[in-house]
Structure formats: structure tokens, C-alpha cells
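Me: Got a minute to walk through this model with me? I'd like to start with the annotated part, then look at a helix and the pockets.

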Amino acid sequence: MQLVRGLHNLRPQHRGCVATIGNFDGVHRGHQAILARLRERAVELGLPSCVVIFEPQPREFFAPDTAPARLARLRDKLDLLAAEGVDLVLCLAFNQRFSKLSASEFVDTVLIDGLGVKHLEVGDDFRFGCDRIGDFDFLQKVGAEKGFTVEAAQTVEIDGFRVSSTKVRTALAAADFTLAEHLLGRPFEISGRVLHGQKLARQLGTPTANVQLKRRRVPLTGVYLVSAQIDGKVWPGVANIGVRPSVAGDGRPHLEIHLLDFTGDIYGRRLTVVFHQKLRDEQRFASLEALKTAIDADVAAARAHWHDQPLNFRA
Ligand SMILES: Cc1cc2nc3c(=O)[nH]c(=O)nc-3n(C[C@H](O)[C@H](O)[C@H](O)COP(=O)(O)O)c2cc1C
Ligand SMILES: Nc1ncnc2c1ncn2[C@@H]1O[C@H](COP(=O)(O)OP(=O)(O)OP(=O)(O)O)[C@@H](O)[C@H]1O
């Protein structure tokens, strides 16, 4: 899969494709259904498939303080799109100028002049352009004039509600990992590189791996039973994700994992953390001793859980 950043980096060989547009945060089962259709159309027409995404996502541009947390990093999104058989990702900078494009200008600039789109696949509720008039009917009309076809994918529902990134966030906030997995079509996970922490954890008696989080907002906080994959091997553990109110922090969220009975050095390595169950909310403790007592209890709870339910027997 090829990644092209910005219209100016498109080359003549990128013209003529089947495309879809959206945030694709989490690449959930609704997204997967659209991507399957995209793949089918690409094969039928003998053209490459292209997904147009935005960085930042439009809501992050318009309302940076209230935009929801991302479910996945850009890098994860690209990996997931590649796994869905996408040939090309066009990543457009959503900036002031871009936000002012009308639906017609968007079609001309991106779809016609940029990509030479022959077929467009969209969700039934898809809308775009500063005037928000860029919906399915509009696209069909313009497509007929400018020489591309448009198809609206049927809404993917699970248990009677539409699958959406928003719904996955709600499931995560409620620590409903079974529902999140159902919506995503895979368990919810966060991956990142292991960084050096403040080395306080050792003092607290519980060594932790600090996983780099690049964003200021996370879709879940608290203490969780987790499993972590390192170099293809899976370890049971317990993790805290949050701002660590008991220690002078930088106000940014941190993900710290204590892997049970693990002793290796994993600084700099990539860790993938799967969340299984919430133990408690993150708390502000008055002293390090109180924090240590709570963490010891979390580790004991994790030990008991993973003893009763070893990882390889988990459904
Ligand atoms: C299982 C577990 C639970 C934790 N719970 C909390 C908590 O409730 N409140 C808090 O402020 N920090 C909590 N922490 C984070 C600790 O404050 C953190 O591990 C400690 O500051 C060490 O940081 P360092 O690795 O950067 O040295 C928790 C950590 C772990 C591993
Ligand atoms: N459940 C679904 N069924 C069919 N199409 C969907 C579904 N969810 C999203 N899509 C479509 O996938 C494309 C990308 O969706 P996008 O990521 O922008 O929205 P979303 O998943 O609904 O997220 P949010 O909850 O943030 O609105 C759009 O064309 C959208 O209409």
C-alpha cells in the first residue's frame, strides 16, 4: 500500500481509481464493509483502490479541545487499511483553506483533478464540504456529469445500532471490551514504543513499561487487566492509563504496564497492549505509600485473575 501526503504529491500514475473518503478511526466493522466493497469494485474495474483520509480529522481542526480521542494512531490506521487490501491512501491536511472548500470544489480539486476517480464508494450518511451539501444525491448528480459512478454502502448494524467510531468510544469508556471487540472485529489494543519513565515505579516495588502515547487524549482511563504482546509472545499484566494524579506529572496521559513475572529489558521495544477488564478508576492518593498499597492490590487482583483464567484459555 502506498501513502501519498497531500494533493501535490499525486503523480499521473495515481489517476484513475476507485475511492472512498472518511476518518476511518479504528477501522471498525462498518468501515471494513465499505473497504470490502471498494476492493470488489477495484477488481471489477481493474483499477487501484484509494482511501482519502484527513490529518487532523475535521472535528480536531474545528474543535481541538472537545474532539474525541482517537481509537488508533495514524500508523495503526495505515496498517489496518493495508490489511484490508487498500492500494493507496491519500492523506490530506485538513487546514483553514481546506475547510473552506465547498462540496463542488472538493469534488473538482480532490476527486477529479487529483485522483481522476472512476467510482466512489460512500457510507449512506456521508456528508462533506463546508456547505455540507456533499451527500450521496449530490455526488450521484455530479458523478453523472463528470464521469464517475457512486454507490452508497448499506449501514452496518450490530444489535440494532449503527457501528461507528463513536460507539466504540462509548463501549471503551464503559469498559465493555466485549462490545468494543464486536464493533471492531478484533480486540481493542494500544501499541507503542516502551520509553523510560520517571523510575518511580521501581521505588514503588512494581516495575512498569511506559508505552509512548503521542496524543493528549485517550479513549479510556483507569486500571485494567491487560495482556501485552512483545516479539510475538503474550504476557499477562495490569496497566494504568491516565495522567497519574498522585505524582507530579506533565498533565499528559501515560500508559504503564506491569507484566507479571517478566524480567527482561524492553526499553525501546514495541508493545501491543490488549485491554480485558477494568479494575478501578485512576485515583489521587495522598502519599506514595497509599499509591503503593493500591498498586499492590491491583497486582494481586491481576495475579488471581490470570491464574484462574490463563491467557490461552480466554475466549
Ligand atoms: C497497576 C497500576 C495502578 C496505578 N494506579 C494509579 C492511580 O490510581 N493513581 C496514580 O496517580 N497513579 C497510578 N499509577 C501510576 C503510578 O503513579 C506510576 O506507575 C508511578 O508514578 C511510576 O511512574 P514511572 O514509571 O514514570 O516511574 C498506577 C500504576 C500501575 C502500574
Ligand atoms: N456502520 C456503518 N455502515 C456503513 N458505513 C459506515 C458505517 N460507519 C461508517 N461508515 C462509512 O464509512 C466512511 C468513513 O466513516 P467515518 O470514519 O468518517 O465515520 P464513523 O465511523 O461513523 O465515525 P463517527 O462515529 O466519528 O461519526 C463514511 O463513508 C461512513 O459513512
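**Domain, helix and pockets**

Me: How much helix and how much strand is there over residues 183-307?
Reply: This is a predicted model. Over residues 183-307 the chain is 21% helix and 37% strand. The end C-alpha atoms of that stretch are 28 Å apart.

Me: What feature does UniProt place there, at residues 183-307?
Reply: The UniProt record, an unreviewed entry, gives "domain: Riboflavin kinase" for residues 183-307.

Me: OK, switching to α6. Which of its residues are buried?
Reply: Helix α6 spans residues 136-146, and its buried residues are Phe-138, Leu-139, Val-142 and Gly-143.

Me: Why are those on the same side of α6?
Reply: Because they cover an arc of only 130 degrees around the axis. In general, an α-helix has 3.6 residues a turn, so residues three or four places apart point the same way.

Me: And which residues are exposed on the other side of α6?
Reply: Asp-137, Lys-141, Ala-144 and Glu-145 are exposed there.

Me: What do the buried residues of α6 pack against?
Reply: Three elements: α5 (103-115), β5 (117-123) and β6 (149-153).

Me: What about the backbone just after α6?
Reply: Gly-147 sits there, with a positive phi of about 90 degrees.

Me: Now pockets. How much space lies in the largest pocket?
Reply: About 1100 Å³. The largest pocket is lined by 44 residues. Closest to its centre are Gly-22, Asn-23, Asp-125, Phe-126 and Arg-127.

Me: Which elements give two or more residues to that lining?
Reply: β2 (17-21), α1 (29-45), α2 (58-62), α4 (96-99), β5 and α7 (165-173). So β5 turns up twice: buried residues of α6 pack against β5, and β5 also helps line the largest pocket.

Me: How do the lining residues of the largest pocket divide by type?
Reply: There are 20 nonpolar, 15 polar and nine charged.

Me: And the second largest pocket, how much space is in there?
Reply: About 770 Å³. Its lining has 38 residues, and the closest to the centre are Ala-201, Thr-206, Pro-207, Thr-208 and Glu-256.

Me: Which elements give two or more residues to the second lining?
Reply: α9 (200-203), β10 (209-211), β12 (233-242), β13 (254-259) and α10 (288-308).

Me: Which one gives the largest share?
Reply: β13, with four residues.

Me: Last one. How does the lining of the second largest pocket divide?
Reply: Into 19 nonpolar, eleven polar and eight charged residues.

Methods: Residues are numbered from 1 along each chain as its sequence is written. Chains are lettered from A and ligands numbered from 1 in the order in which they are written. This is a predicted model: local features need pLDDT of at least 70, side-chain atom pairs count only at pLDDT 80 or more; totals for chains, interfaces and linings use all residues. Side-chain values use heavy atoms; hydrogens and water are left out. UniProt positions are given in the numbering used here, feature names are shortened, and annotations may be inferred rather than shown by experiment. Buried means under 20% relative accessible area, exposed over 50%, partly exposed in between (1.4 Å probe, protein chains only). The arc is that of the directions from the helix axis to the C-beta atoms. Contact means heavy atoms within 4.5 Å. On a 1 Å grid over the protein atoms alone, a cavity is a set of points where a 1.4 Å probe fits but cannot get out, and a pocket is an open set with protein on both sides within 12 Å along at least five of seven lines; lining residues have an atom within 4 Å of a point. Grid points are joined across faces, edges and corners, and a volume is the space filled by probe spheres set on the points. Ala, Val, Leu, Ile, Met, Phe, Trp, Tyr, Cys and Pro count as nonpolar, Asp, Glu, Lys and Arg as charged, and the others, Gly among them, as polar.
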